[in-house]
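Let's take a walk through this fold, starting with its empty spaces and ending at a helix. Keep the model open as you read.

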Amino acid sequence: MIAIVGAGPSGSYLASMLAKDGKEVSLIEEHPEVGNPVQCTGILSSSSDALNVKIPEKLIVNKIKRVQLISPNQNSLTFNLKEPDLILDRKEFDKYLAEEAVKNGAKLLLQHRFVDYKENKLQLRHKGEITVKNFDALIGSDGPSSQVAKASNLYGNRRFWIARQCRAKIKCEKDLFKVHFNKDISPDFFGWVVPENDEVARIGIGAEKNSEHYFKKYLEMLNVKEIIDYQAGLIPIYDPKPKRINKNVYLIGDAALQVKALSGGGIIKGMLAAEELYNSLTNNLDYEMLWRKRMGMDLLLSLKMRNFLNKLSNKDYDSLVESFNENALTEFNREFPKKSLIKVILKNPKLDFFLMSKIHKLL
């Protein structure tokens with residue numbers, strides 16, 4: 001039996017593929033309902049076609065066609081996306097993927113909490129009682145604070161951004177995703193306004209420390225008056241060093257830190273990792289080699305870009321936004337930056353000059 005802990009997108013997607021292939025799969029979820037609580041903005045980038053998944057229209061709340069970058073002095077640049085980003089009903093998206101896994105033959109165990117494992121025996125807590133199940137492979141897709149990672153000595157020294165978000169009533173352009181670069185509202189990440197429609201948006205920030213303080217400042221800056229609900233969660237910061245496998249225990253998605261540091265997005269990367277783990281388990285291949293070959297360089301490049309941005313001052317952010325060329329930014333693929341970054345720099349002479357001056361100064 002293959003035990004998958006965590007019925008998020010990567011876990012359910014893997015369960016679906018394995019079950020469809022005739023494997024015995026248990027999909028283990030600690031909550032009474034898949035997809036709840038919501039801890040994600042729910043943006044699926046325009047690179048979602050990299051997945052072998054068709055997203056039903058009923059799960060798409062909105063489609064983003066433009067992105068606006070806003071500097072501390074309120075200068076801005078707006079560019080078009082080649083293909084729209086999808087804003088998902090994240091709860092329903094998770095439920096849909098879990099239901100597909102069940103349709104393909106996976107067994108969904110709700111309200112089962114992972115406790116520990118010894119050898120090939122899995123310990124779960126259900127309604128106060130411990131049950132033991134034998135497994136051939138154990139997969140941790142149980143989020144940034146993965147208990148499977150801790151139990152298998154794969155946790156390491158993790159760092160996180162604390163993401164705070166609300167859904168609020170605010171006038172916005174339905175197809176425009178706003179990104180605020182501003183140290184005063186997020187010293188090591190950014191602020192976002194993601195519209196669901198022209199009257200409601202998902203507004204949030206990420207920060208390693210004092211996230212509640214910065215979130216309040218951001219809401220004040222945007223003059224947000226009417227909040228519908230709040231959400232919060234951890235965004236793991238990618239670390240290329242630790243392994244994601246220990247014998248027959250594997251990590252995928254947020255549990256494996258497979259998240260883009262530039263944007264904090266992890267849905268596609270986690271599901272791509274699920275595809276590689278499926279290949280590994282069904283064809284007896286090296287999962288560590290497969291996932292690193294497919295996405296390791298993009299994740300590392302995204303981390304380097306984030307680290308560079310975090311060293312900039314507010315004045316630097318002002319200059320950075322002024323240096324962008326909107327036509328060239330349309331070419332940038334934040335899911336796979338290694339394919340597009342050089343092209344963007346070459347089409348942005350001012351950006352090239354800015355980067356060279358800052359790299360020299362920061363070094």
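A cavity here is a set of points on a 1 Å grid over the protein atoms alone where a 1.4 Å probe fits but cannot get out, and its lining residues have an atom within 4 Å of a point. Before we go in: this is a predicted model, so to speak of local features takes pLDDT of at least 70 and side-chain atom pairs count only at pLDDT 80 or more, while totals for chains, interfaces and linings use all residues. Residues are numbered from 1 along each chain as its sequence is written, and side-chain values use heavy atoms, with hydrogens and water left out.

The count comes to two cavities of 30 Å³ or more, where a volume is the space filled by probe spheres set on the points, joined across faces, edges and corners. The largest cavity is about 40 Å³ in volume. Around it sit Leu154, Tyr155, Arg158, Pro242, Lys243, Arg244, Leu251, Ala255, Ala256 and Leu257. That lining splits into seven nonpolar, no polar and three charged residues (nonpolar is Ala, Val, Leu, Ile, Met, Phe, Trp, Tyr, Cys and Pro; charged is Asp, Glu, Lys and Arg; the others, Gly among them, are polar).

The second largest cavity has a volume of about 30 Å³, and its walls come from Cys172, Glu173, Leu176, Lys178, Val193 and Pro195. Strands β12 (176-180) and β13 (191-195) each put at least two residues into that lining; strands (E, at least two residues) and helices (H or I, at least four) are DSSP runs numbered from the N terminus.

What about the filled interior? The largest nonpolar core has 77 residues, and Ile4, Leu14, Ile55 and Ile139 have the most contacts inside it. Such a core is a set of buried Ala, Val, Leu, Ile, Met, Phe, Trp, Tyr and Cys residues joined through side-chain atoms within 4.5 Å, with buried meaning under 20% relative accessible area (1.4 Å probe, protein chains only). A second, separate core of 19 residues includes Ala3, Tyr117, Leu122 and Ala149.

Now find the antiparallel strands β8 (residues 121-126) and β9 (residues 129-134), joined by six bridges; strands pair if DSSP finds at least two bridges between them. Leu124 has Thr131 of β9 as its bridge partner. Two residues lie between the strands of this hairpin, and Lys127 takes a positive phi near 55°.

Last stop: helix α7 (residues 314-323) is largely enclosed by the rest of the structure, because seven of its 10 residues are buried. Among them are Tyr317, Leu320 and Val321, along with Asp316 and Asp318.

Notes
On a 1 Å grid over the protein atoms alone, a cavity is a set of points where a 1.4 Å probe fits but cannot get out, and a pocket is an open set with protein on both sides within 12 Å along at least five of seven lines; lining residues have an atom within 4 Å of a point. Buried means under 20% relative accessible area, exposed over 50%, partly exposed in between (1.4 Å probe, protein chains only).
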